[in-house]
Amino acid sequence: MHKLAILSLISTLSFATEAIVTKIVDGDTIHVKMNGKEEKIRILYIDTPEKYGGSKLEKDAKKAGISAEKEQELGKLSSGYAAKFFQKGDKVNVISDKKDQYGRMLGTVSKNSVDYSTQIIKDGYSCIYKKEKYPKELDNVLQEAKESKKGLWSVDFEVMNRLCR
């Protein structure tokens, strides 16, 4: 029975894979070289303002009651945050077990034992992606960033409040 419990525990654990950052796309997407191949990672639990044009930009801008250009300004700031956190060539740890409809890996990424999703929310450059299950402690992290007016919360509090509903 003891061996069965250990095997059950091992099968449910997610293991991190070491990767090398090759490109920062925007605030919630990076490229890495992992297991000998290039992978695009859509980072879990976060939703940053859009940097590029498209239907998601238009939808988010409309939801926030702002122009697409204003949304892109915030998106560029969020992408700038990602570019400071990740440098090309950084070693990171990726935990992922699935891909999305666009072929991107969905996963968490950490650098030097710091979880990127938690850190970008804590520093005020991302909302929580609430359409999927997420760690509920991120609600407290977001609330602290909001109350302290960190990052994008200091740039445009009302817009971030609408984006982060």
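Let's start with Glu39 and Lys37, whose side chains meet in a salt bridge, with 3.5 Å from N to O. Keep in mind that this is a predicted model. What does each partner's surroundings look like? Glu39 is buried, at a relative accessible area of 8%. Lys37, on the other hand, is partly exposed, and its relative accessible area is 46%. As background, side chains of opposite charge can pair when their charged atoms come close.

How many salt bridges does a search of the whole structure find? The search turns up nine. Here are three of them, side by side:

| Acidic partner | Lysine partner | N to O distance |
|---|---|---|
| Glu39 | Lys37 | 3.5 Å |
| Glu50 | Lys56 | 3.7 Å |
| Asp60 | Lys56 | 2.6 Å |

Lys56 turns up twice in that table: it meets Glu50, and it also forms a salt bridge with Asp60. Where do Asp60 and Lys56 sit relative to each other? Both belong to helix H2, which covers residues 55–64, and they are four residues apart there, so about one helical turn separates them. In their salt bridge, the closest N and O atoms are 2.6 Å apart.

Now for how much of each residue is accessible. Lys56 counts as partly exposed, with 31% relative accessibility. Glu50 has a relative accessible area of 15%, so it falls on the buried side of the 20% cut-off. Asp60 is buried too, and its value is 8%.

Which residues make up the network of salt bridges? Asp47, Glu50, Lys56 and Asp60 are linked in it. You can trace part of this network through Lys56, using its bridge to Glu50 and its bridge to Asp60.

Next, let's move from charged pairs to sulfur. The structure has one disulfide by count. Which cysteines form it? The pair is Cys127 and Cys164, and their sulfur atoms lie 1.9 Å apart. This disulfide ties together distant parts of the chain, since its two cysteines are 37 residues apart. Cys127 is in strand E8 (residues 127–128), while Cys164 is in the segment that comes after helix H7 (157–163).

Is the link left-handed or right-handed? The link of Cys127 and Cys164 is left-handed, with -80 degrees about the S-S bond. Are these cysteines buried or exposed? Cys127 and Cys164 are both buried.

Note on methods:
Residues numbered from 1 in each chain as written. Predicted model: local features only at pLDDT ≥ 70, side-chain atom pairs only at ≥ 80, totals over all residues. Heavy atoms only, no water. Disulfide = S-S within 2.5 Å. Buried < 20%, exposed > 50% of the residue type's maximum accessible area, 1.4 Å probe, protein only. Salt bridge = Lys/Arg side-chain N within 4 Å of Asp/Glu carboxyl O.
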